[in-house]
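Me: I would like to go through this model with you and ask, for each label put on a residue or a pair, what justifies it. Please set the value against the cut-off each time.

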Amino acid sequence: MVSERVQLAILIAGMFFLSLGFSVIMPVLPYYSQSMGASAFDLGLLMASYSVMQLIFTPFLGELSDRVGRKPVFLIGLFGYGVSFLIYGFATQLWMLFAARMIGGILSGGIYPASLAYIADITSHKERGRIMGMLGASSGLGMIFGPALSGGLSIWGLTVPFFTIAAASFGFVVLGYLLLEESRSVDVHRIRPGKVSILAPLRSRLWILFLLALLVTLLMSGFQSVFAYYLMGRFGVMDTPSAMPVLGTTMMVTGPTIMAIMFTVMGITGVICQGILLGMTIEMIGERHTVITGMFIAAASFFLILAATELVSLMMFSCTLALGTGLVTPCLNSLVSKRTDEEHQGAAMGVIGSYNSVGRIAGPPLGGLSFDVHMGLPFTILGLLAGMGGMVAMAIALRLRKQERR
């Protein structure tokens with residue numbers, strides 16, 4: 001019998017691998033798709049197609065894990081992810097890239113809900129938030145190492161990163177098949193397929209948790225989509241060496257270099273937050289107040305970014321944004337899990353995954369459109385949205401506390 005720690009390690013590694021593959025694509029896909037005649041608009045559609053597929057299919061794959069078990073959905077997701085990277089590597093026309101992106105979005109959509117539901121199956125309520133934070137931290141690590149791995153491998157050709165991830169994916173499927181045990185006994189005939197609706201949570205008592213999940217991904221994707229433009233408009237930093245203020249002096253830097261450093265440091269901050277600080281914070285103030293605290297930290301961060309006048313303060317306030325959102329997401333997953341019966345953990349995690357996808361789809365257009373009006377407007381809007389989310393969450397928490405005292 002495989003120990004619980006080994007099984008958790010497999011799940012954590014799976015989430016690391018999922019985000020690693022996602023971030024490996026980012027540096028090379030623009031050049032790879034351009035070689036096949038893609039325009040900037042085509043690239044935008046290509047990027048969005050992955051999240052759209054996850055929006056549609058993640059709830060159903062999560063519900064499927066309730067019926068057939070977590071392990072097969074998790075492994076099929078990893079296998080499909082590997083297939084999508086093979087298609088990337090062999091692609092010769094733009095439609096093949098769209099096929100790879102969409103297949104990856106459909107099948108990998110099962111990894112997220114199956115992993116979270118698996119954790120819900122084998123953990124107590126007390127430790128669930130901390131373990132889900134570790135899952136989030138592993139995802140953050142993947143986002144850190146992916147671009148560096150892509151940059152190193154692409155020296156030997158733009159397709160090398162794709163084939164490497166495909167091979168690793170298939171190898172990980174074998175490892176998971178051998179070491180991962182099913183977390184629940186499933187009677188397929190007893191548990192009938194249910195109707196999964198992403199709108200149903202809005203009519204339930206958990207509506208605020210799902211909307212906050214959407215909001216957090218919208219905040220981060222909106223920030224990421226306009227940050228390079230903000231560097232150009234506010235500090236004049238381009239893709240060639242430009243002077244930027246750093247602690248009272250100036251330094252010659254390039255936009256891509258700052259972007260790489262900034263998102264790497266933000267990723268490290270997120271890993272430390274979710275891997276270490278989150279468990280301590282939950283222990284001290286509980287999950288509800290951790291969510292509220294994280295939302296207000298995120299809100300303040302957007303306005304502080306606007307106030308930053310040089311590189312170090314800009315980096316520091318960007319890291320507080322990663323800290324705020326890093327406190328919120330695992331707690332939301334944990335709170336939804338605790339308020340969902342055991343038979344429908346996968347479906348619930350799948351639906352919250354779809355709300356994350358909606359945020360990733362909506363964030364970049366919101367950021368881009370508001371930036372065209374004024375370069376500071378995206379940060380103002382996102383800061384206000386984060387603050388409103390925190391206030392609504394605080395009002396609901398106060399109401400629930402009053403009800404619990406009666």
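Me: Which residues form a nonpolar patch on the surface, and how much accessible area do they have together?

Reply: The model is predicted, and in it the patch consists of Ile268, Ile272, Ile276, Leu277, Met280, Met284 and Ile285, with about 660 Å² of accessible area together.

Me: Why is isoleucine 272 called partly exposed, and where is its place?

Reply: Its relative accessibility is 41%, and since partly exposed covers what is neither under 20% nor over 50%, isoleucine 272 counts as partly exposed. The 41% also passes the requirement of over 30% that applies to patch residues. The place of isoleucine 272 is in helix H9, which comprises residues 255-307.

Me: What makes arginine 70 and aspartate 66 a salt bridge?

Reply: The closest N and O atoms of the two are 2.7 Å apart, and the rule asks for a side-chain nitrogen of Lys or Arg within 4 Å of a carboxyl oxygen of Asp or Glu, so arginine 70 and aspartate 66 qualify as a salt bridge. In general terms, side chains of opposite charge can pair when their charged atoms come close.

Me: How do you know that arginine 70 also forms a salt bridge with aspartate 121, and what does that pair tie together?

Reply: Here the closest N and O atoms are 2.8 Å apart, which is again within 4 Å, so arginine 70 and aspartate 121 form a salt bridge as well. Arginine 70 lies in helix H3 (residues 70-90) and aspartate 121 in helix H5 (residues 111-122), so the pair ties together parts that are 51 residues apart in sequence.

Me: Is arginine 70 buried or exposed, and which label does aspartate 121 get?

Reply: Arginine 70 has 0% relative accessibility and therefore counts as buried, the limit being under 20%. Aspartate 66 is buried too. Aspartate 121, at 26% relative accessibility, counts as partly exposed, because that value is neither under 20% nor over 50%.

Me: What makes lysine 338 and glutamate 287 a salt bridge, and where in the chain do they lie?

Reply: Their side chains meet at 2.8 Å, N to O, and a salt bridge requires such atoms to be within 4 Å, so the label applies to lysine 338 and glutamate 287. The pair links distant parts of the chain, with lysine 338 in helix H10 (residues 311-338) and glutamate 287 in helix H9, 51 residues apart. Lysine 338 is partly exposed, its relative accessible area being 22%, whereas glutamate 287, at 9% relative accessibility, counts as buried. As for networks, salt bridges that share partners join Asp66, Arg70 and Asp121 into one. By this rule the count of salt bridges comes to 5.

Me: How many disulfides are there, and why are cysteine 273 and cysteine 331 not called one?

Reply: The count comes to 0 disulfides. The sulfur of cysteine 331 is the nearest cysteine sulfur to that of cysteine 273, yet it is 8.9 Å away, and a disulfide would need the two sulfur atoms within 2.5 Å, so the pair does not qualify. Cysteine 273 counts as buried at 0% relative accessibility, and cysteine 331 likewise counts as buried at 0%.

Me: What does the largest nonpolar core contain, and which helix gives the most to it?

Reply: It has 107 residues, and those with the most contacts inside it are Phe74, Leu231, Met244, Met295 and Leu314. Helix H8 (residues 207-235) gives the most to this core, with 17 residues. Phenylalanine 74, leaving out residues up to four places away in sequence, touches partners including Ile10, Leu11, Phe172 and Leu180.

Me: Why is leucine 332 called buried, and what does it touch?

Reply: Leucine 332 has a relative accessible area of 1%, and buried means under 20%, so the label holds. Its place is in helix H10, and, not counting residues up to four places away in sequence, leucine 332 touches Leu209, Leu212, Ala213, Val291 and Ile352.

Me: Why does isoleucine 165 count as buried?

Reply: Isoleucine 165, in helix H7 (residues 160-179), has 2% relative accessibility and so counts as buried, the limit being under 20%.

How values were computed:
Residues numbered from 1 in each chain as written. Predicted model: local features only at pLDDT ≥ 70, side-chain atom pairs only at ≥ 80, totals over all residues. Heavy atoms only, no water. Patch = residues over 30% accessible without salt bridge, like charges linked within 9 Å, V, L, I, M, F, W, Y side chains within 5 Å. Areas by Shrake-Rupley, 256 points an atom, 1.4 Å probe, with all protein chains shown as cover. Helix = DSSP H or I, 4+ residues; strand = E, 2+ residues; numbered from the N terminus. Buried < 20%, exposed > 50% of the residue type's maximum accessible area, 1.4 Å probe, protein only. Core = buried A, V, L, I, M, F, W, Y, C linked by side-chain atoms within 4.5 Å. Contact = heavy atoms within 4.5 Å.
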